[in-house]
Structure formats: structure tokens, C-alpha cells
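Hi everyone, thanks for coming along. I'd like to walk you through a protein that may be new to you, going from the overall picture down to a few single residues. Have a look at it on the screen first.

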Amino acid sequence: MTNLITALFIYFLLYLFLFNNHSNYVVGFTSQRQGGRSTIFYDFKVQTTRITKLCNTKDIPTINGMYPGPVVYAQEDDKVIIRVTNESPYNITIHWHGIQQRLSCWSDGPSYITQCPMQTGQNFTYEFTLQQQKGTFFWHAHVSWLRATLYGAIVVYTKKGVPYPFKFPYEEHIIMLGEYWMKDMVQIEQAVLASGGAPPPADAFTINGQPGPNYNCSANDIYKLDVVPGKTYLLRLINAALNQEHFFAIANHKLTIVEVDGEYTKPLTTDRVMLGPGQTLNVLVTADKPIARYSMAIGPYQSAKNVSFQNITSIAYFQYFGATANDLSLPAALPRFDDNLAVKTVMDGIKSLHPVAVPNDIDRNLFVTIGLNVQKCRSKNPQKDCKAKGGGVMAASMNNISFSNPNISILEAYYKNINGYFTEDFPGVPLKFYDFANGAPNNPPNDTNSLNGTRTYVLDYGTRVQLILQDTSTVSTENHPIHLHGYSFYVVGYGTGNYDPDTADFNLVDPPYMNTIGVPVGGWAAIRFVADNPGVWFMHCHLEIHLSWGLSVVFIVKNGEGPLERLPHPPADLPRC
Ligand code: C2O
């Protein structure tokens, strides 16, 4: 009898998942697999949803009508199946940021890299396993600038019975940092690219989708976290903003960092943290201060010079039970927007919890410059189309190559041997050596424009890679959050100025294991990984405008010999271009 009831219940859930296409809620449910691992199903419908913020109403793309979008909950080693149906007028792909996609590159999501976008009415089912991954991640659209509103958290719990390496928190909360524009995102992107110039600053920053009371017409759009005096909270911080790196602080409270990019760290206590777009960070906060309402604030970290940015901070409330509703909130002390030292101080303290297995011998040693460029104006109407400094067109590049998207996906072209969409000649070292951090030979009137191209770098299966990322000052030095798909990497070193192998100081014992590294402004970072996940993997600056300008490259990792070293065939429902 019980078996019959269980069976009927499972059929009912399956029915909900497969046939209930018009519901507006997320279907997230679990079925047990062998070995205690589960399969988690979610149903994502991309819709347009009307929202009003800052006294302005617009239609934004959302998943199931939610902004921020639904949270994907799973456990380490689970299999996750997410069916995405595009009911919006936009072209859509979704990327699962930080998920390593072992042998599932087809489900990675960056448009024109691993798939073509889903057009209106199409759907695609993403499938991946959270192999040895746990912690805080997020998903976001990976096409045009749609991730401005299409994003949500991924929370992967430890396996049953496996504790955190710190005292179990009283509660856990997700804190997503974002940016909000009153105009349509696709139009903004097109207008910016057509102008050749810089993007407009965001109209507001947001915490869990709420701008907070500091902006015009947002007095009631405030995220509040009610806390019990004396308890410790785990906050899962995610910077899902488009173009802005952010400081985060809570008035009068210390933050203890315990995890970065889904990997445990040695506990590090600090007054504030900085997250670039694409970075996630778990902190513990104890509500051990007098009962009151404290502000939980984000404000810009803007390391580039001469850039206009939104400088009004967004606040939420960290509010003790017992505080009165009309208490004023105590202000949080955020660093100044250009406080590079505040960033460095925290970075210096981030180490893996335990000693780690860093690859010692290196097969490929790559040196890649990252920075902005001004390309020559080729328009007949320069006043309108060439708004970069000196009358040029803004671009960005790695090793002076500005990446351009092909019009089919590189993974498909590679897998099916279709010629003509990409080349395999991305240079492993810069085309020219100069004083990267201080000299600026690319500035007009010096004329060394970046070259446009869809260039990839091919790696044999199992290659042990060291990659030096070097910031340049060609337009302005800047902290760039560089994100690698398909892998996490050890950050073995970093510093200011030009990388010098003779003086660089490496940590090969307990370096952090990350998927997004904020390369220090005017400095460098050294990362190491073993290329043991075959596929086509994007590496790019997670500042969206830099991605649009070409600050990216693609690694192609070849199949190995063994059965678990080969990329499977593409799924049948992979969207066509
Ligand atoms: Cu979160 Cu390619 O990005």
C-alpha cells in the first residue's frame, strides 16, 4: 500500500514537471539515484515581467516572473536537469557560473561559444553533475546584457552528514548584488557599441533586487534581514552586477570570510569585502551588537581612471528583532571608491582551508595581457560613432586580440569540423612587449590598435597550464575580474606592476581555488590548472562592457584517451542558429 502511494506521488510530481507548462512557479524536485545521489529538476520559463523601480515601469526578462530569479538548490554530486523554455522576445542562453561542467560542455551556456541562443518559443534542457562541488554559485543569462535582470543563486549543500568546517550558522541568507537601469538592456548595449564610447552608469545598485532608500523614488524598496540577537548568520554574497565591482560592509559588524567561489578558505575576519562581478563569497556575521537597525551597504570599487560611475550606495537593513521600525539605520563604513589597499588587504588573507595539490611542473606557460584599447575610427560620422577619447572606438583585448563572436557556436564548429568560424592562433605571449603597467603605446596618437578575430588556444588533454594575466595601462589600468569557464584554478601569485618571474612570490602551499580572479589594478595574477575537462571554454572579463568590447579568449581542450576523457555527443535539442 505504502509503495503504491509513493508511486502515485512520484507520478504526480512527474506530471507536474512534464505537463504543467503554464504554471508560474518553479518546479524543483528530487528523485533518488543509486549511491545516494539525487537528480534535481527545475523548470525555467523565460518571460517578460513588468516591474516598477525608481518610479519607472518597464518590462524585464525574468525566469518564472521572479527578479532576482529562482534559487537552484542541490547537494554535492547531484545531477541537475533544468529545462529552459524561452517565452520572451529575446534570444536566451543561461550559464551556470562556477559549475565545472565536467564532460558537459554543451550545457555551459555562453552564447556563440558552446551554443546558439534559444529563440522565442524554443527550449533547451541543461544537464550537469555537481561533481565534487559545493558552496555558493549563480546562474545568469549569457547573451547580450540580459544578465542585468536574468540571474539567480545556486546553493550546493554538502553531502548528508558532512558538516561545515565552522560552527553551524543559525540561518543562511543569499545576498545578491546587482545593478539596475531604467532603459531596456539590449537597447543600452546596442547604443553603447554604436557610439564607440563608454557605457552609461547604472541608475541604481541593488541588493536582492532592491535599490534601498538612497535613490530617488525608492524609499520602500529595501531588502531587510531580520536577525536574532546573539546568533551567527551565513551570508552567501554574489556579485551579479554587470559593470561594477563592489565593496560590501555591515555597519559595526565584522565579516568572517569562510568560502570564496565555492571553496572553503581559512577564516578571515575583516570589516569589508570587495567582490567583482562573477565573484561569490560566504561570510559569517554574528549579531552581537546593541539592538538596532544597521545598514548593509554596497558601494562601487572603481579602479579605472576617468570613468563615470554611479556613486550612490545601495543599502539594505540588517535589523535586530526588537529594533523599532522607525529607527534610523546606522551607516556602514565603505571604503572610498578607489581604495586599492582595502582590496589588496583582504586578498592577501585569502588562502585555501587546507594545503592543496597545486600542479608543480608546468607544460604550458602562457602570458596574457588584459586591457582596453582605442581603435581607429572608420565611420563617416565620427561625432556620432567614435566617442572614445581622441575620436576612436573603444575596444578591449587579450594579447591585443579583440575577440569577436562567430555566428555559430565554436563548440559546434569544432565538434563537427566546420571550417571558417574560428582560428587556432591565439598568441600564447603578447605580440609586442612594452612597459605594460606604466607605458601606454596603444593610446592615440601612438597607433597600435588591437586586432579583431575569433582566435582560440588549443590545449591537449591533461596539459598543466600556468597563465600569467597582466593588466595594461593602454587606456587605464583597472582591476579586471577574469572568469574561466569549465575549471577552477589555483591563484598562485599576484602583485602590482609588471610580472617578473625573478621576483614574483608564489604560494604553492595553500593558494585559493577560484573561478574568477580580480587581477590587481596595474598588476598581474598567476593561475594554474590542469586542462582535464574536454570542450570549448570561454575565459573573459566579467565586466560586461569589457566582454562586449572583446576582452576574452576561448580555450579548446582536446579529448583524452580514456572513456571519461571524451566529450559526449551534443544533446538532440541543442538550439540551431
Ligand atoms: Cu558568469 Cu562567462 O560568465
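The accessible surface of this protein adds up to about 23,300 Å², and carbon and sulfur atoms account for 52% of that. Please keep in mind that what you see is a predicted model.

What about overall dimensions? Taken along the principal axes, the C-alpha atoms fill a box of roughly 75 × 55 × 50 Å. A compact globule of 577 residues would have a radius of gyration near 25 Å, and the protein's value of 23 Å agrees with that. Of those 577 residues, 59% count as buried.

Now, the secondary structure. You can find six helices and 33 strands here. And how do the contacts spread along the sequence? If we take contacts between residues at least 6 apart, 78% of them join residues at least 24 apart.

Let's go inside. The largest nonpolar core has 145 residues, and the ones that touch the most other members are Leu235 and Phe248. Leu235 has Phe248 itself among the residues it touches, along with others including Ile175, Leu225, Ile250, Leu281 and Met296. Apart from that core lies another one, of nine residues, with Val358, Val492, Trp524 and Ala526 among them.

Next, a helix. Which residues of H3 are buried? In this helix, which runs over residues 340-348, they are Ala342, Val343, Val346 and Met347. Looking down the axis of H3, you would see these buried residues fall within an arc of 130°, so they line one face of the helix. There is a general reason to expect patterns like this: an α-helix has 3.6 residues a turn, so residues three or four places apart point the same way.

Moving on from H3, we come to Lys351, in the loop between H3 and S21. Is Lys351 buried or partly exposed? Its relative accessible area is 28%, which makes Lys351 partly exposed. The side chain of Lys351 reaches back to the backbone oxygen of Asp348, at 3.4 Å. Lys351 also has contacts far along the chain: beyond four places in sequence, it touches Tyr264, Thr265, Lys266, Asn507, Asp510 and Pro512. As for Val509, its C-alpha is 9.1 Å from that of Lys351, although the two are 158 residues apart in sequence.

After that loop comes strand S21, residues 364-375, and I'd like you to find Gln375 in it. Gln375 has a relative accessible area of 14%; the cut-off for buried is under 20%, so Gln375 counts as buried. What does the side chain of Gln375 make a polar contact with? The partner is the side chain of Asn452, at 3.2 Å. Asn452 is also on the list of residues that Gln375 touches beyond four places in sequence, together with Gly392, Val393, Ala395, Ser402, Asn449 and Ser450.

One last stop: Lys384, in helix H4, which covers residues 382-385. The side chain of Lys384 makes a polar contact with the side chain of Asp385, at 3.3 Å. Leaving aside neighbours within four places, Lys384 is in contact with Ala194 and Ser195. Ser195 is 189 residues away from Lys384 in sequence, yet their C-alpha atoms are 6.1 Å apart in space.

That's my tour. Thanks for listening, and I'm happy to go back to any of these places on the screen.

Notes. Residues numbered from 1 in each chain as written. Predicted model: local features only at pLDDT ≥ 70, side-chain atom pairs only at ≥ 80, totals over all residues. Heavy atoms only, no water. Buried < 20%, exposed > 50% of the residue type's maximum accessible area, 1.4 Å probe, protein only. Helix = DSSP H or I, 4+ residues; strand = E, 2+ residues; numbered from the N terminus. Arc of directions from axis to C-beta. Polar contact = N/O pair within 3.5 Å; in protein donor to acceptor, adjacent residues only side chain to side chain. Contact = heavy atoms within 4.5 Å. Rg over C-alpha atoms; globule rule 2.2 N^0.38 Å. Areas by Shrake-Rupley, 256 points an atom, 1.4 Å probe, with all protein chains shown as cover. Core = buried A, V, L, I, M, F, W, Y, C linked by side-chain atoms within 4.5 Å.
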